[in-house]
Amino acid sequence: MTLHVNLGEKSYDIVIERGSLKKAGEYLDLQRKVLIVTDSGVPEAYAELLAAACREPVICRIPQGEENKNLAVYETLLRAMLEHHFSRKDCVAAVGGGICGDMAGFAASCYMRGIDFYNIPTTVLSQVDSSVGGKTAVNLGEIKNVVGTFYQPKRVLIDVDVLKTLPVRHVSAGLAEALKMSVTFDEELFRIFEDGDPLHDPDHIETIIEKALRIKIAVVEQDEKEQGLRKALNFGHTIGHGIESLCLDGSLYHGECVAIGMLPMCADGIRQRLLPVLEKLHLPTSCRLDPERVLDAMMHDKKASEGQITIIETDRIGAFTMRRADREALKPKVRMVTI
């Protein structure tokens, strides 16, 4: 299956096909120097499969973990390209999760003012969400994704077979991003979470990936640089990013933080439907953090301006509202999920 992202000159395809990593040379232009960015948590075989299809591969394996999504590690990617004499005609390919994709895309966007970038996501989270849409970034201090660019890939290659090596906790955390989209955009997708067993049914996983990507594509095509509609994809992220900024040690994954962050943004009736879904997916519904520290991190987020943040709320599955809120308005919401 191929989905198309229509962004004019920046348009690209998303190929969804089991076993496609083994056939990467058929889908990607790899007859040049290719910086393959992967991390220590990704099976080495995945990067090696891609390297076998490249004319001149350079594998750069970065340390796993959100704490390594920083400018120092980012610099190692740029230096690797410089030391191997990469030109504007060469490219970068990410083989890994959201961190690999963000950092590889950012490096590609800046090296020689921009070279080609391919994304081969290997986690549920990156397959349903972060590999599409062109957001690239690194963290600075405790603030997530505050340094980065919008830079679209040339192609995205999604091989569902690679998910077999993921721990269940990673699958759950990734599904939180698709669940987020179902709550605000697609009641039919939400019912798959309610009635199905996506953690253990491969068919459900494939359906969820496709439906989530169709939502993401539709939003990005209308609002590439998050000036309006794309902000709706931040449902759960306002409080979630505040929590995650205090958990860069890996105690909570990104998707787990988003799961917690969704609950205060739902009307009571929606929250009662969402809670059992989160529990079925083994996702947390609260965390042990100082609410004031969470609020501090939220107000330093890149989405905050003039002491306010645009928050996404819902009182009906498949719909959402946006409004601006200040620290005082957000305080009771944060306290709802911090203990």
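A cavity is here a set of grid points where a 1.4 Å probe fits but cannot get out. In the predicted model examined here, the count by this rule comes to 2 cavities of 30 Å³ or more, and the largest cavity has a volume of about 50 Å³. Helix α4 (98–110), strand β6 (116–121) and strand β7 are the elements that give two or more residues each to the lining of this largest cavity. The lining consists of Gly101, Asp102, Phe117, Asn119, Ser130, Ser131, Gly134, Lys135, Thr136, Tyr151 and Pro153. Divided by class, these lining residues comprise 6 polar, 3 nonpolar and 2 charged residues.

Among the open spaces, the second largest pocket holds about 290 Å³. It is lined by 14 residues, of which Leu163, Lys164, Val171, Leu199 and Ile205 are the closest to the pocket centre. Two helices, α6 (168–185) and α8 (202–222), each contribute at least two residues to the lining of the second largest pocket. The class composition of that lining is 10 nonpolar, 3 charged and 1 polar residues.

On the surface, a nonpolar patch is formed by Leu71, Leu140 and Val146, which together present about 220 Å² of accessible area. Of these residues, Leu140 is found in strand β7, which spans residues 135–140. With a relative accessible area of 45%, Leu140 is classed as partly exposed, because this class covers values between the 20% limit for buried residues and the 50% limit for exposed ones. In contrast to this surface position, Ile311, located in strand β11 (residues 308–313), is buried, with a relative accessible area of 0%. The C-alpha atom of Ile311 is separated by 7.9 Å from that of Asn234, although the two residues are 77 residues apart along the chain.

Charged side chains were examined next. The structure holds 31 salt bridges, and one of them is formed between Asp129 and Lys180, with the closest N and O atoms 3.8 Å apart. This pair links distant parts of the chain, given that Asp129 belongs to helix α5 (residues 124–130) and Lys180 to helix α6, at a separation of 51 residues. Both partners, Asp129 and Lys180, are buried. The 3.8 Å contact between Asp129 and Lys180 is counted as a salt bridge because the cut-off between a side-chain nitrogen of Lys or Arg and a carboxyl oxygen of Asp or Glu is set at 4 Å.

A further salt bridge joins Arg273 and Glu194, with 2.7 Å between the closest N and O atoms. Since Arg273 lies in helix α11 (residues 268–280) and Glu194 in helix α7 (residues 187–195), the pair ties together parts of the chain that are 79 residues apart in sequence. Arg273 is partly exposed, with a relative accessible area of 27%, and Glu194, at 26% relative accessibility, also counts as partly exposed.

Within helix α11, the side chains of Arg271 and Asp268 likewise meet in a salt bridge, with an N to O distance of 2.7 Å. Arg271 and Asp268 are 3 residues apart in this helix, and they are therefore separated by about one helical turn. The accessibility of the two partners falls into opposite classes: Arg271 is buried, with a relative accessible area of 14%, whereas Asp268 is exposed, with a relative accessible area of 55%. Beyond these pairs, Glu292, Asp296, Arg327, Glu328, Lys331 and Arg335 are linked in a network of salt bridges.

Backbone geometry was considered last, with attention to positive phi angles at residues other than glycine. Asn145, although it is not a glycine, has a positive phi of about 55°. This residue has its place in strand β8 (residues 143–150) and is buried, with a relative accessible area of 16%. His282, which is not a glycine either, has a positive phi of about 60°. In the case of His282 the setting is the loop between α11 and α12 (291–299), and at 55% relative accessibility this residue counts as exposed. Positive phi values thus occur in this model at Asn145, a buried residue, and at His282, an exposed one.

Methods:
Residues numbered from 1 in each chain as written. Predicted model: local features only at pLDDT ≥ 70, side-chain atom pairs only at ≥ 80, totals over all residues. Heavy atoms only, no water. 1 Å grid on protein atoms, 1.4 Å probe; cavity = no way out; pocket = protein on both sides within 12 Å on 5 of 7 lines; lining within 4 Å. Points joined across faces, edges and corners; volume = space filled by probe spheres on them. Helix = DSSP H or I, 4+ residues; strand = E, 2+ residues; numbered from the N terminus. Nonpolar A, V, L, I, M, F, W, Y, C, P; charged D, E, K, R; others polar. Patch = residues over 30% accessible without salt bridge, like charges linked within 9 Å, V, L, I, M, F, W, Y side chains within 5 Å. Areas by Shrake-Rupley, 256 points an atom, 1.4 Å probe, with all protein chains shown as cover. Buried < 20%, exposed > 50% of the residue type's maximum accessible area, 1.4 Å probe, protein only.
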